[in-house]
Amino acid sequence: MQLSKAKAIALIIKIDLLAYCELVDIGGSVRRECATVGDIEIICKPNPHMINRLGMYMMGRGKVLSGKFDGRYIKIWLNEGIQLDLFIPQPHDYYRQLAIRTGSKNFTYNTLATQWARLGWCGTDDGLRRRSDCMKKTASGPWICTNPNPELPPVWENEKQFFEWLQLEYVEPKDRI
């Protein structure tokens, strides 16, 4: 889909989601301003009292392909003919997820994930944790935190703070190749 059409759809959904969420951001190729868009990615922090209404709104936008509204990820085939990936990260992990979900895949892996690994952190289902507090069950499996009281990274107040914590210069989304 052309960027202009995908961006218009994403903006409408973002504005609508603000009625149910404390934070809403568009990520992915729309945020990076790619000429063509394969799917729409939105990151949100729902108001805890509005989860049911958020779910009802999203079900009205298209067909839910996977995920649950009380989870962290929902995939929806929108009525407009494009897939929406809705990410609902834990509040402390919001801006890391915004950076990851903005991409590109190459930038996320080769820049962001490589840098947090250099700093001694790993990505888990609960956010970043010290590698020394985690293990992998298999070589290619996910990191699992095994420490009941792990060291936590700071709660970033914006994406630029996340980049600063990583000791990286902020990179504009359109330049994240």
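The exchange below goes through the sheet, the helices across it and the two largest pockets of a predicted model.

Trainee: What makes S1 and S2 a pair of strands?

Mentor: Two strands pair if DSSP finds at least two bridges between them. S1 and strand S2 (residues 39–46) are joined by 5 bridges, so they meet that cut-off. The two strands run antiparallel. One of the contacts along S2 is the bridge between cysteine 21 and its partner, proline 46.

Trainee: What is the order of the strands in the sheet?

Mentor: The order is S1-S2-S5-S4-S3, in an open sheet of 5 strands with mixed pairing. From one strand to the next, the twist averages 25 degrees.

Trainee: Why are S1 and S3 called edge strands?

Mentor: Strand S1 (21–26) and strand S3 (62–67) each pair on one side only. A pairing needs at least two bridges, and each of these strands has such a partner on one side only, which means that both count as edges.

Trainee: Which helices lie across the strands?

Mentor: Helix H3 (residues 51–61) lies across S1, S2, S3, strand S4 (73–78) and strand S5 (83–87). Its direction is at about 120 degrees to S3. Helix H4 (residues 94–102) lies across S1, S2 and S5.

Trainee: How do you know that H4 and S2 run in opposite directions?

Mentor: H4 runs at about 180 degrees to S2. Angles are taken between N-to-C directions and go from 0 to 180 degrees, so a value of about 180 degrees means that H4 and S2 point in opposite directions.

Trainee: Where is the largest pocket lined, and by what?

Mentor: The pocket has a volume of about 700 Å³. Of its 29 lining residues, the closest to the centre are Arg96, Ile100, Trp116, Gly123 and Thr124. H4, helix H5 (105–118) and strand S6 (121–124) each supply at least two lining residues, and the largest share, 7 residues, comes from H5.

Trainee: How many lining residues of that pocket are nonpolar, polar and charged?

Mentor: The lining divides into 13 nonpolar, 8 polar and 8 charged residues. Gly counts as polar, so Gly123, one of those closest to the centre, belongs to the polar class.

Trainee: What makes the lining of the second largest pocket 6 charged residues?

Mentor: Asp, Glu, Lys and Arg count as charged. The lining includes Lys7, Lys14, Arg31, Glu33, Glu172 and Lys174, so these are the 6 charged residues. The lining also has 4 nonpolar and no polar residues. This pocket holds about 180 Å³ of space, and H1 gives the most to its lining, with 3 residues.

Terms used: Residues are numbered from 1 along each chain as its sequence is written. This is a predicted model: local features need pLDDT of at least 70, side-chain atom pairs count only at pLDDT 80 or more; totals for chains, interfaces and linings use all residues. Side-chain values use heavy atoms; hydrogens and water are left out. Helices (H or I, at least four residues) and strands (E, at least two) are DSSP runs, numbered from the N terminus. Contact means heavy atoms within 4.5 Å. On a 1 Å grid over the protein atoms alone, a cavity is a set of points where a 1.4 Å probe fits but cannot get out, and a pocket is an open set with protein on both sides within 12 Å along at least five of seven lines; lining residues have an atom within 4 Å of a point. Grid points are joined across faces, edges and corners, and a volume is the space filled by probe spheres set on the points.
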